[in-house]
Amino acid sequence: MVPARYRPDPLDAPLYVAGPEGPWDEVGDRLEDAGRALVCTTWGQWLAAVLLDPALRPLLGSDWPRYRQTAPAAGRMRFAVSRFVVRHSAAAALNVPVDGLELGYAPDGQPLVRGAGADLEVSLAHTGELIVVGVSRTGPIGVDVQDADRDVSFDVPPGQLCTAQERVALAALPEGERRARLLWLWTLKEAYARALGHGLRRAPSTVGFDRDERGRAVLAGAPREGDAGGAWTFTTHPVQGRYLVGAAHRRRSVLPAADRKAQVDSGSRSAAAPLEERGDGPAAPLRLLRPVTSGRGEGRRTR
């Protein structure tokens, strides 16, 4: 499925962070070098630290009622951990204490970071044990994660998922490769929709993906690098041999601060929809030290 000459950029690979204590330095390095970073972890490894944190309630903030009302218990725990991972990742990106941030939500349900002069795009996805957070200071970002052995064709017929061109290409593949390509397509389309802020209101079959001459994922029919469409970067990554993580990022032009504020105030993400826990189903430039959780009386210093 991937041309032999294609070698993913190591800067795009997800960073595994085992808990609130980090390490977070490499997240800062990625933001400095690439303008974006992917953080992944398993919620079980964070669970004890999250539940024992004396600042659990204030850090969850407006999410506290939802945390208390979420059932079953495993869902409640995963909800709390995912919000902590978002907060710590955002704090690392902005070089601020964790309690200096406030989480809100875009109309499509993806997290928004407020406070501390935040100029940060964030995306969250999880399935099974894995939680993935994308952070960007250079433009919109979207992430998705799927079980690597998931049979997408069972959940979403190719006619609803794929463009006509993609269906023709799929029909020429052996069954095993076809299933892997469908998963690749689904993961990229989910990540792209989240980066755009469309959620699931845009049919997956309305956008197509292909590979360029170097084997990189690109929008089918889009201008190549150097043109308007070349600003998008799409990547997929196997994680732990069990998951496929997809990411979509568009590097924006540098705008004056007043223009960026106007863009945010006018709402670059589209019409309102309730926050969804997107789990197992398809519907469903700074160098930094680790962020400090409130309640520990520590400070943060930049290098």
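In this predicted model, W232 has a relative accessibility of 11% and therefore counts as buried, since the cut-off for that word is under 20%. Two further aromatic residues belong to the same picture: Y192 is buried as well, at 10% relative accessibility, and F234 is buried with a relative accessible area of 5%. The three values are set out below.

| Residue | Relative accessibility | Class |
|---|---|---|
| Y192 | 10% | buried |
| W232 | 11% | buried |
| F234 | 5% | buried |

How are the rings of these residues arranged? A pair of aromatic rings is described by the distance of the centres and the angle of the planes. A search of the whole structure finds seven aromatic pairs, and one of them joins Y192 to W232 in an edge-to-face arrangement, with 5.0 Å from centre to centre and 80 degrees between the planes. This pair links distant parts of the chain, because Y192 sits in helix α9 (residues 175–196) while W232 belongs to strand β10 (residues 232–239), and the two are 40 residues apart. W232 also pairs with F234, but here the ring centres are 5.5 Å apart and the planes stand at 10 degrees, so this pair is stacked. Together with F209, the residues Y192, W232 and F234 form one aromatic cluster.

Another part of the structure is built around an open sheet, in which four strands follow the order β1-β2-β6-β5 with mixed pairing. The strands β1 (15–16) and β5 (121–127) stand at the edges, and each has a single partner strand, so one side of each is left without a neighbour in the sheet. The partner of β1 is strand β2 (residues 36–42), and the two pair in the parallel sense over two bridges, with L15 standing opposite V39 in β2. Helices lie across this sheet: α1 (residues 25–34) crosses β1, β2 and β6 (130–136) and runs at about 155 degrees to β2, whereas α5 (residues 73–94) lies across β2, β5 and β6 and runs at about 30 degrees to β6.

In soluble globular proteins, nonpolar side chains tend to be buried together. The largest nonpolar core here has 39 residues, and V27, W46, Y67, V113, L120, V133 and V135 touch the most other members. Among the elements that give two or more residues to this core are α1, β2, β5 and β6, while α5 gives the most, with 12 residues. One core member, V133, touches residues that include A37, L38, V39, V85, V86 and V122, when those up to four places away in sequence are not counted. Apart from this core lies another, of 22 residues, among them L183, L188, A191 and A217.

Helix α2 (43–51) also contributes to the largest core. Which residues of α2 are buried? They are W43, W46 and V50, and, seen down the axis of the helix, they fall within an arc of 65 degrees, so they line one face of α2. These buried residues pack against β2, α3, α5 and β6.

Finally, S136 lies in strand β6 and counts as buried at 1% relative accessibility. Although S136 and A34 are 102 residues apart in sequence, their C-alpha atoms are 9.0 Å apart in space. Leaving aside neighbours within four places in sequence, S136 is in contact with several residues, including L31, G35, R36, L120, E121 and H249.

Notes
Residues are numbered from 1 along each chain as its sequence is written. This is a predicted model: local features need pLDDT of at least 70, side-chain atom pairs count only at pLDDT 80 or more; totals for chains, interfaces and linings use all residues. Side-chain values use heavy atoms; hydrogens and water are left out. Rings of Phe, Tyr and Trp (its six-membered ring) pair if their centres lie within 6.5 Å; planes under 30 degrees apart count as stacked, over 60 as edge-to-face and the rest as tilted. Buried means under 20% relative accessible area, exposed over 50%, partly exposed in between (1.4 Å probe, protein chains only). Two strands pair if DSSP finds at least two bridges between them. Contact means heavy atoms within 4.5 Å. Axes are lines fitted to C-alpha atoms, for helices over the stretch in contact, and angles run from 0 to 180 degrees between N-to-C directions. A nonpolar core is a set of buried Ala, Val, Leu, Ile, Met, Phe, Trp, Tyr and Cys residues joined through side-chain atoms within 4.5 Å. The arc is that of the directions from the helix axis to the C-beta atoms.
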